[in-house]
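Colleague: Could you take me through the packing in this one? I'd like to begin with a single side chain and then see what else you can show me.

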Amino acid sequence: MSQPPDDGRLTAYLLGRLSAEEEDAVEGEYLGAPEALERLAAAEDELIDAYVAGELSGEDARRFEERFLASPARRERVAFARALRALAAREPAPRPLSRRPSLLLPLAAVLPVALAAGWLLLSVRDLRTELSRQREQQAASARESANQRDHIALLQQKLEQGGPVAIVETWPLEPGYERDAAPPTHWTVPAEAVAVRLRLSLAGDAGAGPFAARVETAEGRVVAEVHRLPATEGPSVDVVVGAAALAPGTYVVLLQAGRPLETVDTYHLRVRAP
Amino acid sequence: MTLDRESFERLLALFGPDRARAGERYEAIRRALVKFFECKGGRFPEEMADETLDRVGRRLAEGETIRATDPAAYVHGVARNVLRGEWTLQQRAAARPAGDPLGVPPDEEDAARAERRLSCLDRCLQALPPETRRLVLLYYVDERRAKIEGRRALAESLGIGQNALRIRMHRLRARLESCVQACLGETEGQGGHTGTGDDE
């Protein structure tokens, strides 16, 4: 298979080819750092692609099948990779992305002084890119913190009431497009739950947020409204709603973004009595 | 997951004094635990991740002291115990020979479902902004040599390194996978959800 430059170890981990000590080290990394987890997930994507393309050796293919085809979730990912490959092969070759203008080539043709100036320009550009990336990370982190604060505050409030609690139930919801094709799923709030996390799957054109979400009954009564919600991996947006707010009935969740807020997607759910 | 107040407080405190940041770390480590159990062949990775954090919280509330400097190392140890319990259960339940704890179903998908999946993927791709769609198609170009060289050129044209491109493509792919799952659920008249949800 085509080995990614730095993921030989991650691929070996995914295939169960590492020693126990090496496995421990990899696990320690991704349990301790979200970036390492993302690198592992990217390596997993590439391993699945290599399997689907028939690029794995016999032994690796056998290991892959043992580990990936036994899990329904991973089988879905393999099937997805197969579909992606089929579609990419079927589509006409897309035109290349527009290349960023290179400062280097014109500068190479002029005097050494200009080369030095060019180097400075590139350095400044790199610094600006890095600065911009850092700012984006800070903003994302701030949004995430705000959401977590809401989440924790809600849980804290409930915990103040004492007694054992289920922290949250997670209900994945898909946008309401073509919703008439299938009835919305029924959900039941467990008696011990204090909060429900509505995981709103984002459509491709939903943008990057931050988002606001409004949960309304079918009659239009607002039962929850949450702001400053970041998009998370998936991508999706998590909205934590107090379980008490979700009495049996039909609800519409409006996902909003922009200023002024505009609805970018709607989600439907039905809650029934336990 | 069920925790009493003290266990929950102890669990959060394990991840740091600032509650907001502790909440972030809690969610991050939960995601990593799900992946851990998935990689280890756990049948219910989400539930096992919750069970792990539940046990950590309870142990802390019972007065256990953590010596590890990084809480993730402690959580890792508890996760291994949860996994061992799961393996024992699997072996008892299935009584399969060692080395084949789960069995491997054939890697096949019926033609009709594969066609629906393809159609859903097409639809999800169409919903992406044109430049993003083109990026996906360029990245996943079929021919191997073209793929390797194409990815290098793609990273260059975007002004990012190849590893950054891989992470960006992973995020995009996760988004597409999620969209395709939703689409399949709709076309097959299923919610496709777990937990307490069920379909009419």
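Is Phe36(B) buried or exposed, and what is its relative accessible area?

Modeller: Keep in mind that this is a predicted model. In it, Phe36(B) is buried, with a relative accessible area of 0%. The next residue to look at is Phe37(B), which also counts as buried, at 0% relative accessibility.

To see what these rings are doing, let's go through the aromatic pairs. There are six of them over all chains. One is Phe64(A) with Phe68(A), a stacked pair with ring centres 4.3 Å apart and 5° between the planes. These residues are four apart in helix H4 of chain A (residues 58-68), so about one helical turn separates them. Phe64(A) and Phe68(A) are buried as well. Back to your residue: Phe36(B) pairs with Phe37(B) edge-to-face, 5.0 Å centre to centre and with the planes at 75°.

The chain A rings have further company. Tyr51(A) joins Phe64(A) and Phe68(A) in a cluster linked by ring pairs. Phe68(A) also has a charge over its ring: the charged end of Arg74(A) sits there, 3.9 Å from the centre. Chain B has an arrangement of this kind too, with the charged end of Arg151(B) over the ring of Tyr139(B), 3.8 Å from its centre.

Follow Arg74(A) and you get to the charges. Arg74(A) belongs to a salt-bridge network that also links Glu44(A), Arg77(A), Lys35(B) and Glu38(B). Over all chains, a search of the structure finds 36 salt bridges. Glu44(A) and Arg77(A) make one of them, at 2.4 Å from N to O. Glu44(A) is in helix H3 (residues 34-52) of chain A and Arg77(A) is in helix H5 (residues 72-90) of chain A, so the bridge ties together parts 33 residues apart in sequence. Glu44(A) is buried, and Arg77(A) is too.

Then there's Arg173(B), which forms a salt bridge with Asp45(A), the closest N and O atoms being 3.6 Å apart. Since Arg173(B) lies in helix H8 of chain B and Asp45(A) in helix H3 of chain A, this pair joins two chains. Here again the partners, Arg173(B) and Asp45(A), are buried. For a contrast, try Glu59(A) and Arg62(A), whose side chains meet in a salt bridge at 2.9 Å, N to O. They are three residues apart in helix H4 of chain A, and therefore separated by about one helical turn. Glu59(A) counts as partly exposed at 38% relative accessibility, and Arg62(A) likewise at 39%.

Helix H8 of chain B comes up again with the cysteines. The count is two disulfides over all chains. Cys120(B) and Cys183(B) form one, with their sulfur atoms 2.1 Å apart. The torsion about its S-S bond is about -75°, so this disulfide is left-handed. Cys120(B) lies in helix H5 (residues 111-126) of chain B and Cys183(B) in helix H8 (residues 162-187) of chain B, so parts 63 residues apart in sequence are tied together. Cys120(B) is buried at 2%, and Cys183(B) is buried at 1% relative accessibility.

Another disulfide joins Cys124(B) to Cys179(B), S to S 2.0 Å. With -90° about the S-S bond, this link is left-handed. Cys124(B) is in helix H5 of chain B and Cys179(B) in helix H8 of chain B, 55 residues apart, and the pair links distant parts of the chain. Cys124(B) is buried at 3% relative accessibility, while Cys179(B) is buried with a relative accessible area of 15%. Counting bonded cysteines along chain B, the pattern is 1-4, 2-3.

One last stop is a sheet in chain A. This open sheet has three strands in the order S2-S4-S7, with mixed pairing. Its edge strands are S2 (169-173) and S7 (236-242), each pairing on one side only. S2(A) and S4(A) pair in the parallel sense over five bridges, whereas S4(A) (residues 195-201) and S7(A) are antiparallel over seven bridges. Along S2(A), Glu169(A), Trp171(A) and Leu173(A) point to one face and are buried, while Thr170(A) and Pro172(A) point to the other and are not.

Methods
Residues are numbered from 1 along each chain as its sequence is written. Chains are lettered from A and ligands numbered from 1 in the order in which they are written. This is a predicted model: local features need pLDDT of at least 70, side-chain atom pairs count only at pLDDT 80 or more; totals for chains, interfaces and linings use all residues. Side-chain values use heavy atoms; hydrogens and water are left out. A disulfide is a pair of cysteine sulfur atoms within 2.5 Å. Buried means under 20% relative accessible area, exposed over 50%, partly exposed in between (1.4 Å probe, protein chains only). Rings of Phe, Tyr and Trp (its six-membered ring) pair if their centres lie within 6.5 Å; planes under 30 degrees apart count as stacked, over 60 as edge-to-face and the rest as tilted. A charge sits over a ring if NZ of Lys or CZ of Arg is within 6 Å of the ring centre and within 35 degrees of the ring normal. Two strands pair if DSSP finds at least two bridges between them. A salt bridge is a side-chain nitrogen of Lys or Arg within 4 Å of a carboxyl oxygen of Asp or Glu.
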